[in-house]
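This briefing reviews a protein and its ligand for a reader at the bench. Please consult the sequence and the model shown here while reading the points that follow.

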Amino acid sequence: MRVAFLGLGIMGRPMASNLAKAGHELAVWNRTPGKEVEGARSASSPADAANGAEVVWLCVSDTRAVENVLFGAQGVEASLAAGMTVVNSSTISPSAERRFAERVRARGGQYVDAPMTGSKVAAESGALIFMVGGEEHAIESLKPLFAAMGKKIFRMGETGKGQAAKLVMNLQIALIYEGFAEALTLATKLGVDPEALLPLIQSSMVHSGVIEYKAPFVLKRDFTPNFPLRLMHKDIRLALDAAREVRVKLPALETVEEIYEMATEDGHENEDYAATLALLEKWAGVEVKAVPA
Ligand code: NA7
C-alpha cells in the first residue's frame, strides 16, 4: 500500500520502519528534520508525505500536535483526497478525535483511531496491540498495515472508542506501577531485599505484566525513556478530563497525577515514568538497591 507516516519519535520510527520492511511504499515526515527511515522517502511536510497516499498514519505527541499535522500549514488536509484513510496512533482526547474525524470525513476521507499499547520494544519487534475505533470496512482495509506493526487488533467501537480504551489502559498501568514503586520503597525501608521480593511477587496473585516489564529497568536504575513520564502524565490528564466530562471521580488517579506533577518539578519529565520511584525514595530517604549487572 502507499502509506505516509507522520511522526518519527520513540514509537513512530520503529513502526514506520516495520511498514517499509513489509514492502509498503512509504513516505515519512517528522517535525524536526534529520530522522529518516530506511526504504522510505523523506517528505518535506505532512501535505507532501500525504500526496498520493492511500493511508496517512500519525504518531505524534498529543492532541495539539495531531491538529497541527492534520489541519495546520502544509498539513495533511491540503492533500486529502476522497477514499484516503487517516489513522491516528497518537494518544489524544477522545472528543477531539471525533471532531478531527468529522472534518476528514467531510472531505471524503475515512478516519480510524488506533492508539496502541506496548513499549518501544514491542514497536521494534512489530508486537504492538492496537485499540481501534472506526468503521469496520476501513479497519478491514488496514489489516496488512496493522499486521506489519502489531500482533493484535481490538475493535472497540466507533471513532474515539480506541482512545477511550487507551486511556483506561494507561490509567491501570500508572496505578499498577505506582503500587509497585511504593512496595519497593517500603520494602527497602523495612530491610527486605527487592531481589528477594520480586520472585515472590511474580509467583503470587500480585503478578503483573507491568512489573515483569519494568522491574529489570528499575533495579538497574535505568530510567531512559521507553515511555517518557511527560507522555504518561499527558495520558493521566486526558483520562481525568474524560472522567470529568462524564462525571466520574477517580481519586487514586488524581493522587498519582499529583505525584507526576512533583516528579516533573524535580526534573524527571523526560525520563521513563518509572522515575516516579526516585520521588518516593527521596521522601523515604532510601534508594532501592540496584542488582549488579
Ligand atoms: P516521542 O518520542 O516524544 O515523539 C513525539 C513525536 O511527535 C515526535 O516525532 C515529535 O516531533 C512529534 N511532535 C510533537 N509535537 C509536534 C507538533 N506540534 N507537530 C508535529 N509533530 C510533533 O513520543 P512517542 O513516539 O513515544 O509517542 C507518540 C505517541 O504515541 C504519543 O501520543 C504517546 O502517548 C503514544 P519532533 O521530533 O519533536 O520534532
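Is Asp-235 buried or exposed? Asp-235 has a relative accessible area of 2%, below the 20% limit, and is therefore buried. The model is a predicted one, and the points below treat this residue, the ligand site and the surface in turn.

**Asp-235 and its surroundings**

- Asp-235 belongs to helix H11, which covers residues 229-245.
- Leaving aside residues up to four places away in sequence, Asp-235 is in contact with Thr-91, Lys-166, Leu-167, Asn-170 and Phe-227.

**The ligand site**

- The ligand is surrounded by 26 residues, of which Ile-10, Met-11, Asn-30, Thr-32 and Ser-61 come nearest.
- Helix H11, which also holds Asp-235, provides four residues of the shell around the ligand, the largest share.
- Helix H3 (63-71) and H11 each contribute at least two residues to this shell.
- Thr-32, one of the nearest residues, has a polar side-chain atom 2.4 Å from an oxygen atom of the ligand.
- The side chain of Lys-234 places an N or O atom 2.9 Å from an oxygen atom of the ligand.
- At Gly-9 the partner is in the backbone: a polar backbone atom lies 3.5 Å from an oxygen atom of the ligand.
- The ligand taken alone exposes 790 Å², and the protein buries 88% of that area.

**Exposed positions in loops**

- Pro-33 is located in the loop that runs between strand S2 (25-29) and strand S3 (40-42).
- The relative accessible area of Pro-33 is 71%, over the 50% limit, so this residue counts as exposed.
- Pro-33 and Leu-145 are 112 residues apart along the chain, and their C-alpha atoms are separated by 25 Å.
- Leu-190 is situated in the loop between helix H8 (161-189) and helix H9 (194-203).
- With a relative accessible area of 62%, Leu-190 is likewise over the 50% limit and is therefore exposed.

**A nonpolar surface patch**

- Leu-190 forms a nonpolar patch on the surface together with Leu-186 and Val-192.
- The accessible area of these patch residues together is about 300 Å².

Technical notes. Residues numbered from 1 in each chain as written. Predicted model: local features only at pLDDT ≥ 70, side-chain atom pairs only at ≥ 80, totals over all residues. Heavy atoms only, no water. Patch = residues over 30% accessible without salt bridge, like charges linked within 9 Å, V, L, I, M, F, W, Y side chains within 5 Å. Areas by Shrake-Rupley, 256 points an atom, 1.4 Å probe, with all protein chains shown as cover. Salt bridge = Lys/Arg side-chain N within 4 Å of Asp/Glu carboxyl O. Buried < 20%, exposed > 50% of the residue type's maximum accessible area, 1.4 Å probe, protein only. Contact = heavy atoms within 4.5 Å. Near = heavy atom within 4 Å. Polar contact = N/O pair within 3.5 Å; in protein donor to acceptor, adjacent residues only side chain to side chain.
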